[in-house]
Amino acid sequence: MPTMSALLERAESVTTSPRWDLEKRFPVVADRAKGCHVWDADGNRYIDYTSCSGAAPLGAAHPAVVEAAVAALRNGGIVPCTLSQARIETAEQLMPLFPFADRARFFRTGSCATTAAARMARVHTGRRLILTSGFHGWHDWHLQSAFGGLPDRDRETIDFGYDLDRLAEILATRWSDVAAVFVTPEVNFFPPAYHVELAQLVRGHGCLLMVDEVMTGLRYRLGGYATAAGIDPDLITISKGLANGMALSAVLGRGEVLDGADSAYLGYTYQREVTPFAAAAASLRIFRSSEDDPIGRMHAAGRALISGLNELFERTSVPAVAFSWPSMFRVLFASDEIGEAFYSGLLRRGVLMEYGGVHMISAATSSADLAYTLEAAHDSLTEVLRTARPHSNGSARVGDADAHALAYRAFGATPATLEKWWPGFAPAPPN
Ligand SMILES: Cc1ncc(COP(=O)(O)O)c(C=O)c1O
C-alpha cells in the first residue's frame with residue numbers, strides 16, 4: 001500500500017485540485033469512509049464534520065442507500081431513456097416535503113441546478129436580469145466578485161449583497177428587466193423575518209422568487225428553509241444530501257415554470273443514470289422516517305457541540321464563539337492566528353473541521369464522537385495557549401463587526417444590511 005506522503009507527491013505532479021486542500025483545508029489522501037468516520041491512506045481515522053461538503057448527511061456508506069445503489073448498478077445503472085421508476089419515486093417523495101412545488105427537474109450538481117433555474121426564469125419571464133445574493137456554485141452566470149481573479153461574470157446578474165434597500169431600488173427602476181430574485185438563505189445571519197420581507201418586496205414585479213436551498217433543503221429542516229420561514233418561492237434548488245453521497249440535484253417549483261423549461265434546452269447525457277435516483281429514493285425514505293429522524297439527530301449533535309465549544313472558549317477566556325443553527329453552525333475567533341492554530345490542532349487529533357467554514361454535522365455522529373471531539377478541542381486549545389495569549393493579535397471579545405466582516409468575506413452581505421438584520425450571536429435555537 002502506498003503511504004500518504006507518496007500519494008501526495010504523485011497527486012502534486014498529475015492533478016491540480018489538491019492545492020486548495022493541501023494549503024488551506026485538509027492535507028489528507030482519504031482512503032475510505034463510513035458514517036462520520038474517514039480513514040486516510042496511512043490508516044489514521046478522522047471524525048468528519050463536513051458531511052463530505054454536505055453531500056452525505058446520513059453519513060458515508062449508509063447501509064440502506066448502499067444497498068439501493070448497488071442493486072441499481074447491478075441492474076445496469078443507466079438506461080437509454082431518461083425515465084426510470086427510481087426517478088419517478090424520487091420526485092414523488094420530494095413533493096410532500098416542499099408543498100409549493102408541483103414538479104421536479106433533475107440535474108447532477110448544485111451548480112447545474114442553479115444555472116438551470118436561472119435559465120428557466122429567463123425563459124418563463126422573457127426577461128434577462130437576475131438579482132442575486134449568496135453563493136450559487138461555480139458557473140459563469142453568477143460568479144462572486146469576492147473570489148477575485150476570475151473570468152468575466154455574466155453582466156445580466158446583479159449581486160445586491162443581501163441588502164433589501166438596494167434590492168428595492170433596483171426593482172423600482174429596472175423591474176421590467178428582472179427575471180428573478182435568487183437568494184441563498186444564510187441562516188446564521190438572517191432571520192426568517194428578513195426572508196419574509198424579501199419575498200414581499202419581490203412580489204408584484206412580475207419576476208420569480210427563487211431560493212437556493214442546495215445547502216439548506218435537507219439540512220435546515222425537513223422541507224428546507226423556505227417552507228420553515230413561511231415564504232412561497234416559485235422555484236428552489238436542492239442538491240446536498242439528496243442522494244446521500246451521489247451526485248444529484250433538482251429544481252423544484254411551480255409546474256408552469258418547470259413545464260416551460262422544455263423549450264430551454266436542459267438535456268445532458270447522464271440524466272439516464274438510475275443509480276443516483278435509487279440512492280435518492282432510499283435516502284428520502286430515511287429523511288422522512290420519524291423513527292430515524294436524521295435531521296433531529298443532526299440538530300441534537302450540533303447543539304451539543306456548540307454548547308461544548310462555547311463552554312471551552314469561556315473557560316479558557318479565548319474570544320471565540322460557536323453559533324447558531326445546529327446542523328450548519330460556524331465558529332468565529334477574534335484572532336485568526338489562534339483560530340487557525342486551534343483547527344490545525346484538531347486536524348492532528350483526527351477531527352475534520354474547516355476553519356472559517358460551515359460545520360455540517362452528520363446524523364451518524366455518536367455521543368462518543370462528540371465526547372472525543374470536545375476532548376480534542378480542549379487539548380488543541382490548551383496546546384495553542386501554551387505559546388499564545390488567549391487573544392493574540394485579536395481583540396478581547398468577538399464583536400458584531402467580526403461577524404459582519406465574516407459575512408462580507410464569505411457571501412458578500414453588506415455591513416448595512418447586517419446592522420439591520422443580524423440578531424447577534426444567538427444561542428442554538430431549540431429543536
Ligand atoms: C447554496 C449553494 N448553491 C450552490 C452550490 C453549488 O453546488 P455544487 O458544488 O454541487 O455545484 C453550493 C455548494 O456549496 C451551495 O452551497
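These legends walk you through several close-up views of a predicted model.

**Figure 1. The whole protein chain.** Let's start with the full picture before zooming in. The secondary structure of the protein chain comprises 15 helices and 13 strands. Its radius of gyration is 22 Å, close to the 22 Å that the globule rule gives for 431 residues, so the chain is as compact as a globular protein of that length. Measured out along the principal axes, the C-alpha trace spans about 65 × 55 × 45 Å. Of the 431 residues in the protein chain, 46% are buried. Among contacts with a separation of 6 or more, 76% link residues that are 24 or more positions apart.

**Figure 2. Two domains and the place where they touch.** The domain assignment splits the protein chain into domain 1 (4-61 + 293-421) and domain 2 (63-288). Notice that domain 1 is written as two stretches of sequence, 4-61 and 293-421. Taken over C-alpha atoms, the centres of domain 1 and domain 2 are 27 Å apart. How many residues of domain 1 are in contact with domain 2? There are 28, and they meet 32 residues of domain 2. On the domain 1 side, helix H11 (294-315), helix H14 (400-411) and helix H15 (415-421) each supply at least two of the touching residues. The largest share, four residues, comes from H15. Sorted by class, the residues on this side of domain 1 are 20 nonpolar, six polar and two charged.

**Figure 3. The shell around the ligand.** Here we zoom in on the residues that surround the ligand. They include Thr-109, Gly-110, Ser-111 and Thr-114, along with Phe-135, His-136 and Gly-137. Further along the sequence, Thr-184, Asp-212, Val-214, Met-215 and Ser-239 also belong to the shell. Which helix gives the largest share of this shell? Helix H5 (residues 110-125) does, with three residues. By class, the shell has three nonpolar, eight polar and one charged residues.

**Figure 4. A four-stranded open sheet.** Four strands line up in the order E1-E2-E3-E13, forming an open sheet with mixed pairing. At the edges are strand E1 (30-34) and strand E13 (351-352), each of which pairs on one side only. Inside the sheet, strand E2 (residues 37-40) and strand E3 (residues 45-48) pair in the antiparallel sense over three bridges. To find one partnership yourself, look for His-37, whose bridge partner in E3 is Ile-47.

**Figure 5. Strand E8, buried along its length.** Is strand E8 (residues 208-212) enclosed or open? Five of its five residues are buried, so E8 is largely enclosed by the rest of the structure. In a regular strand the side chains alternate between the two faces of the sheet. In E8, Leu-208, Met-210 and Asp-212 point one way, while Leu-209 and Val-211 point the other way. Strand E7 (residues 178-183) runs parallel to E8, and four bridges join the two. Within this pair, Phe-182 stands opposite Met-210 of E8. Asp-212 of E8 may look familiar: this residue is also one of those around the ligand.

**Figure 6. Glu-67 and a partner far along the chain.** Our last close-up is centred on Glu-67, which sits in helix H3 (residues 63-74). Is Glu-67 buried or partly exposed? It has 13 C-beta neighbours inside 10 Å, so Glu-67 counts as partly exposed. Although Glu-67 and Ala-278 are 211 residues apart along the chain, their C-alpha atoms are separated by 9.3 Å.

Conventions. Residues are numbered from 1 along each chain as its sequence is written. This is a predicted model: local features need pLDDT of at least 70, side-chain atom pairs count only at pLDDT 80 or more; totals for chains, interfaces and linings use all residues. The radius of gyration is taken over C-alpha atoms; the globule rule is 2.2 Å times the number of residues to the power 0.38. A residue is buried if 20 or more other C-beta atoms lie within 10 Å of its own, exposed if 12 or fewer, and partly exposed in between; C-beta atoms are placed from the backbone. Two residues are in contact if their C-beta atoms, placed from the backbone, lie within 7 Å. Domain bounds come from an automatic or database domain assignment. Ala, Val, Leu, Ile, Met, Phe, Trp, Tyr, Cys and Pro count as nonpolar, Asp, Glu, Lys and Arg as charged, and the others, Gly among them, as polar. A residue is near a molecule or strand if its C-beta atom, placed from the backbone, lies within 6 Å of it. Two strands pair if DSSP finds at least two bridges between them.
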